[in-house]
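Biologist: I'm new to reading structures, and I'd like a close look at a single part of this one. Please pick a spot, then work outwards from there so I can see how things fit together.

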Amino acid sequence: MEVYLASTYGFCKGVIYALSLVKKIKEKNKDIPLHLLGNLVHNSSIMDELKNEGFILHEGDYEQIIDEIQNGIIIFSAHGHDPNLEDKIKAKGLSFIDATCPYVKKNMDLIKEDIKNNHDIIYIGVPHHKETEAALSLSKDILFISYLNPNYVKRYLKNPHVYVQTTLGKDELAPIIDKIKELYDHPIMKDDICKATYLRQNALNEVPSTCEAILVIGDKDSSNSRRLYELALKKYPLKKVFFISTLDEINPLDLKNIHSLFITAGASTPPSVIEPIVTYLKSFN
């Protein structure tokens, strides 16, 4: 099979930063419990690796979880978090490590600054995603619009500042942005789709016309990977588009009569997952 690779795919700087940070913490604290508040990044292979290395994964009500932790270091994920949790950890006399992606953190800091300056905020994101929850925790007055199922609430907002979850798709956001411009006077649009997300989405323009199929590699819980898959479906309705997390999910029957294939991968997909898939497909007959 002829295999084409996107010019930009796989790990982004934010994921590399988070993984590098926690591994350094592990090296310096070999005998201290290291508690992860939720998945560090949205990739099950990475999380399995971290759990095997001794990291303790906690999921659920983070306030309650912090109450129950008696010792060790608490690690926040790459997606951002409620800043009140930091105060709760300090009050217990424990320490924490913030592995928030620098780009996400910059976005959160800008929202905080706008709130401080009494600006109205609209936030567009995926419901229940950790980055969305982190942003909405900054103020109860933020107007949330679901990216998946927009429900436009007409509310008096003066020159609202509009933020979006950093892993969303620009093309899919366009109708939502247009509607916001209809509803509100002079909304101020923040260009906060992260560069890594944009580059991976833009690389889908490289699919050769001769390619019969597109393969997106990423965890099903990864927002940026799912956006890549959805964008590929939209851009290439006449091609087969597959979305898999690991080599085990490849069904050889799906590849029957496919002679050329384009591969891309989400920003949280590790090389250890991508490389065996590429090797397998290149040798597929």
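Modeller: One definition before we start: a residue is buried under 20% relative accessible area, exposed over 50%, and partly exposed in between. Keep in mind, too, that this is a predicted model.

Let's start at asparagine 159. Its relative accessible area is 33%, so it counts as partly exposed. You'll find asparagine 159 in the loop between β7 and β8. Now check the backbone: phi is near 45 degrees there, a positive value in a residue that isn't glycine. That deserves a second look because most residues other than glycine have a negative phi.

The two strands on either side of that loop take us straight into a sheet. It is an open sheet of 4 strands in the order β7-β6-β8-β9, and the pairing is parallel. Which strands stand at the edges? They are β7 (143-146) and β9 (188-189); each has a single partner strand, so one side of each has no neighbour in the sheet. Zoom in on β8 (residues 161-164), and you'll see that 2 bridges join it to β9, the two running parallel. At one spot, valine 162 has methionine 189 in β9 as its bridge partner.

Helices pack against this sheet. Helix α5 (residues 102-116) touches β6 (121-125) and β8, and its direction makes about 160 degrees with that of β8. Helix α7 (residues 170-183) lies across β6, β7, β8 and β9, running at about 160 degrees to β6. There's also a charge to spot: the charged end of lysine 179 sits over the ring of tyrosine 152, 5.9 Å from the ring's centre.

Now for another asparagine with a positive phi. Asparagine 257 isn't a glycine either, and its phi is about 70 degrees. It counts as exposed, because its relative accessibility is 60%. Where does asparagine 257 lie? It's in the loop between β11 and β12.

Those strand names lead us to another sheet. Here 4 strands form an open sheet in the order β1-β12-β10-β11, with parallel pairing. Its edges are β1 (2-5) and β11; each has just a single partner strand, so one side of each is left without a neighbour in the sheet. From one strand to the next, the twist averages 25 degrees.

Follow β10 (residues 213-217) through this sheet. It pairs with β11 in the parallel sense over 5 bridges, and isoleucine 217 stands opposite isoleucine 244 in β11. Is β10 enclosed or open? It's largely enclosed by the rest of the structure, because 5 of its 5 residues are buried. The side chains take turns: Ala213, Leu215 and Ile217 point one way, Ile214 and Val216 point the other way, and all are buried.

This sheet has helices on it as well. Helix α9 touches β10, β11 and β12 (260-265), and its direction makes about 170 degrees with that of β11. Helix α10 (residues 271-282) lies across β1, β10, β11 and β12, at about 155 degrees to β10.

Rings come next. The whole structure holds 3 aromatic pairs. One of them is tyrosine 229 with phenylalanine 243, with 5.0 Å between the centres and 25 degrees between the planes, which is stacked. Tyrosine 229 is in α9 (residues 223-235) and phenylalanine 243 in β11 (residues 240-244), 14 residues apart, so this pair links distant parts of the chain. Phenylalanine 243 is buried, because its relative accessible area is 11%. Lysine 220 also lies over the face of phenylalanine 243, at 4.8 Å from the ring centre.

Tyrosine 280 and phenylalanine 284 make another pair, with centres 5.9 Å apart and planes at 55 degrees, so this one is tilted. Tyrosine 280 is partly exposed at 29% relative accessibility, whereas phenylalanine 284 is buried at 15%.

Last stop, the cysteines. How many disulfides are there? The count is 0. To see why, take cysteine 12: its closest cysteine sulfur is in cysteine 101, 6.0 Å away, which is too far for a bond. The cut-off is 2.5 Å between the sulfur atoms. Cysteine 12 counts as buried at 13% relative accessibility, and cysteine 101 is buried at 15%.

Terms used: Residues are numbered from 1 along each chain as its sequence is written. This is a predicted model: local features need pLDDT of at least 70, side-chain atom pairs count only at pLDDT 80 or more; totals for chains, interfaces and linings use all residues. Side-chain values use heavy atoms; hydrogens and water are left out. Buried means under 20% relative accessible area, exposed over 50%, partly exposed in between (1.4 Å probe, protein chains only). Rings of Phe, Tyr and Trp (its six-membered ring) pair if their centres lie within 6.5 Å; planes under 30 degrees apart count as stacked, over 60 as edge-to-face and the rest as tilted. A charge sits over a ring if NZ of Lys or CZ of Arg is within 6 Å of the ring centre and within 35 degrees of the ring normal. Two strands pair if DSSP finds at least two bridges between them. Axes are lines fitted to C-alpha atoms, for helices over the stretch in contact, and angles run from 0 to 180 degrees between N-to-C directions. Contact means heavy atoms within 4.5 Å.
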